[in-house]
Amino acid sequence: MTSSPPSKRRRKGQTVDTESPSKSTLTQDNSSPLIVFAHGAGAPSSSDWMIRWKEMLKKALNAVEVVTFDYPYMSEGKRRSPPKAEKLVDFHTNVVKNAVAKYPGHPLILAGKSMGSSCMVAGREDISPLLIVCLGYPLKGMNGAVRDETLLQLKVPVMFVQGTKDGLCPLEKLEAVRKKMKTMSGLHEIESGDHSFKISKKHLQTKGSTQEEAEDAAIQAIASFFTRSLR
């Protein structure tokens, strides 16, 4: 797929390079996607955040199934730091293959919270996703370096959802990376959202909005991007 760099100036709280959010009108047939949804570094698939986003993704995209799982370091039940994402790819790949075998013929979406292993899985020759959904991509490393190698190698469309106050992904740096990416990408910003999209009560009161409304706008932006990818 040809590169599709951003063509419009970004404004806070606005979707960039996607169609206006709209409700999915897909009927559940072979166009209904299979979503494999990976958790982030610090919380398992059973966390409230993961359960909420799993339900929202399933409903908005009319998914045949949203498969979640726990990486081995998380399922062992011990509080310890996760290994590097590269070491999780084989396990993640097997989860994807098993899901695809159970739901053949459905478009595959790889979604992930924070850790970039969904993008790494998409680069495997034996995995063929329609698109990737990155929920809070950790672009900036611990030493401040921009971790863009995986993104620049991708050939699969990517939809980013980012909080504007996410210190792990400065939006100006993401914008620069997107311009260099080989594939189509989209970005939806959650104004004043942190790494998990949490918005302060003060900001919500000032804007007269709710956390649920902000997250629903993000979900509908993902649905619109998915519809574009089917064409």
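Helices and strands are here taken as DSSP runs, numbered from the N terminus. In this predicted model, two regions are described in turn: helix α1, and the loop that holds Ser32.

Helix α1 comprises the 13 residues 48-60, and its end C-alpha atoms lie 18 Å apart. This separation agrees with the expected span of 18 Å, which follows from a rise of 1.5 Å a residue. Trp49, Met50, Trp53, Met56, Leu57 and Ala60 are the buried residues of α1. Viewed down the helix axis, these buried residues fall within an arc of 135°, and they therefore line one face of α1. Asp48, Glu55 and Lys59, on the other side of the helix, are exposed.

The packing partners of the buried α1 residues include both strands and a helix. The strands are β2 (34-38), β3 (65-69), β4 (108-113) and β5 (131-135), and the helix is α8 (211-230). Just after α1, Asn62 adopts a positive phi of about 55°.

Asn62 is also linked to the second region, since its backbone oxygen is reached by the side chain of Ser32 at 3.3 Å. Ser32 is located in the loop between β1 (15-16) and β2. Its relative accessibility is 0%, and because residues under 20% are classed as buried, Ser32 counts as buried. The C-alpha atom of Ser32 is separated by 9.2 Å from that of Leu108, although the two residues are 76 residues apart along the chain.

Definitions and conventions
Residues numbered from 1 in each chain as written. Predicted model: local features only at pLDDT ≥ 70, side-chain atom pairs only at ≥ 80, totals over all residues. Heavy atoms only, no water. Helix = DSSP H or I, 4+ residues; strand = E, 2+ residues; numbered from the N terminus. Expected span 1.5 Å × (residues − 1). Buried < 20%, exposed > 50% of the residue type's maximum accessible area, 1.4 Å probe, protein only. Arc of directions from axis to C-beta. Contact = heavy atoms within 4.5 Å. Polar contact = N/O pair within 3.5 Å; in protein donor to acceptor, adjacent residues only side chain to side chain.
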